[in-house]
Amino acid sequence: MRIRSVGVAVAVLGALSCVAATSASLLGCIPHPSQDFDDYNARTAQYRQVVDASSDSAPPEGSLKGLYYGACLSKLAVGRLDRVLRFYTEVEFVKDPAGATGTISLSLTSMKLSPGDGPPPTVSKTETVGTTYKIERQPTNALGVYNGAIGTDSDGNGIPDVRVPKESNPISGRVIIIEETNLPGRFGPGRFCSQLIGRIVQPVDSELEGAANTCLYVPVKEGDPTPTLTNADFNTGCALQ
């Protein structure tokens, strides 16, 4: 079994909350380094623990096609589950007839926030907004591990990006643009996971390193209540070996 240390990067939420501050409210955005650091350490202690990230999961025994609820806990959320990015995720896995490998395809569409910036009440197409992004026919190895480059060249600048609409952003309520996005993952029966890698260029400039940014995918049926996840679900990250 492997021991993996799961790290969480320093919060950048202050930049998000202060961008739109007026001159009258700027005092509220002045940092308090000592207290803020203590609060951050208390909230994220579990992410700095050494945890067992080994997995006994393997690809399903046969092909399958289904709907999943995707939730990505990025470093921008600083461990706050009310700030996960949520995706309506359609998955198709085709198993090789003569082996443990196969191919996987995913379609991900952002899910709208409910009033109060909470999760949508159900996992339904009616709760989606924005562009659908696809990972198509990526090979999986015997452990179910696959590559997950994703995005489109929205600006025509030769750099693919993923855009999370403001209606889906519980962190700042602004459009998030992530360039050169990759969701390498490990597929198996039931829940599976991926890392989230890329460079945020809007509304802040920040690198997303895979070990500190985890997406979980929970199998659901159309119209099911949105699943509830805990910090413990994200604790081990997503081991790709």
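This briefing covers confidence, the sheet, aromatic contacts, cavities and backbone geometry.

The structure is a predicted model. Its protein chain averages a pLDDT of 82, and 76% of the residues score at least 70. Eight strands form an open antiparallel sheet. Five aromatic residues, Tyr68, Phe93, Phe187, Phe192 and Tyr217, make up one cluster. Three cavities of 30 Å³ or more are counted.

**Confidence**

- Across the protein chain, pLDDT averages 82.
- The share of residues that score at least 70 is 76%.
- Residues 1-56 have a pLDDT below 50.
- Beyond near neighbours in sequence, the stretch 1-56 still has 75 contacts in the model.
- Where pLDDT is low, predicted coordinates should not be read in detail.

**The sheet**

- The strand order is 7-5-4-3-16-13-12-8.
- Pairing in this open sheet is antiparallel.
- Strand 7 (128-140) and strand 8 (145-146) stand at the edges.
- Each of these edge strands has a single partner strand, so one side of each is left without a neighbour in the sheet.
- Strand 4 (residues 85-95) and strand 5 (residues 102-111) run antiparallel and are joined by nine bridges.
- Within this pairing, Glu90 stands opposite Ser107 in strand 5.
- In general, the strands of a sheet pair through backbone hydrogen bonds.

**Aromatic contacts**

- The structure holds four aromatic pairs.
- Phe187 and Phe192 form an edge-to-face pair, because their planes stand at 80 degrees and the cut-off for that class is over 60.
- The ring centres of Phe187 and Phe192 lie 4.9 Å apart.
- Phe187 and Phe192 are both buried.
- Phe192 also pairs with Tyr217, and this pair is stacked.
- For Phe192 and Tyr217, the centre-to-centre distance is 4.6 Å and the angle between the planes is 15 degrees.
- The Phe192–Tyr217 pair links distant parts of the chain, 25 residues apart.
- Phe192 lies in strand 13 (residues 192-195), and Tyr217 lies in strand 16 (residues 214-220).
- Like Phe192, Tyr217 is buried.
- Phe187, Phe192 and Tyr217 belong to one aromatic cluster that also includes Tyr68 and Phe93.

**Cavities**

- The count of cavities of 30 Å³ or more is three.
- The largest cavity has a volume of about 110 Å³.
- Its lining consists of 13 residues.
- Phe87, Val162, Thr181, Leu183 and Leu196 are the lining residues nearest the centre of the largest cavity.
- Strand 4, strand 10 (161-164) and strand 11 (176-182) each supply at least two residues of that lining.

**Backbone geometry**

- The peptide bond that joins Gln202 and Pro203 is cis, with omega about 5 degrees.
- Pro203 sits in the loop between strand 14 (197-202) and strand 15 (206-208).
- Asp117 is not a glycine, yet it has a positive phi of about 65 degrees.
- The loop between strand 5 and strand 6 (122-123) holds Asp117.
- Asp117 has 45% relative accessibility, so it counts as partly exposed.
- Arg137 is likewise not a glycine and has a positive phi, of about 50 degrees.
- Arg137 is placed in strand 7, one of the edge strands of the sheet.
- Arg137 counts as exposed because its relative accessibility is 60%.

Technical notes
Residues numbered from 1 in each chain as written. Predicted model: local features only at pLDDT ≥ 70, side-chain atom pairs only at ≥ 80, totals over all residues. Heavy atoms only, no water. Pairing = 2+ DSSP bridges. Helix = DSSP H or I, 4+ residues; strand = E, 2+ residues; numbered from the N terminus. Phe/Tyr/Trp six-rings, centres within 6.5 Å; stacked < 30°, edge-to-face > 60°. Buried < 20%, exposed > 50% of the residue type's maximum accessible area, 1.4 Å probe, protein only. pLDDT = per-residue confidence, 0-100. Contact = heavy atoms within 4.5 Å. 1 Å grid on protein atoms, 1.4 Å probe; cavity = no way out; pocket = protein on both sides within 12 Å on 5 of 7 lines; lining within 4 Å. Points joined across faces, edges and corners; volume = space filled by probe spheres on them.
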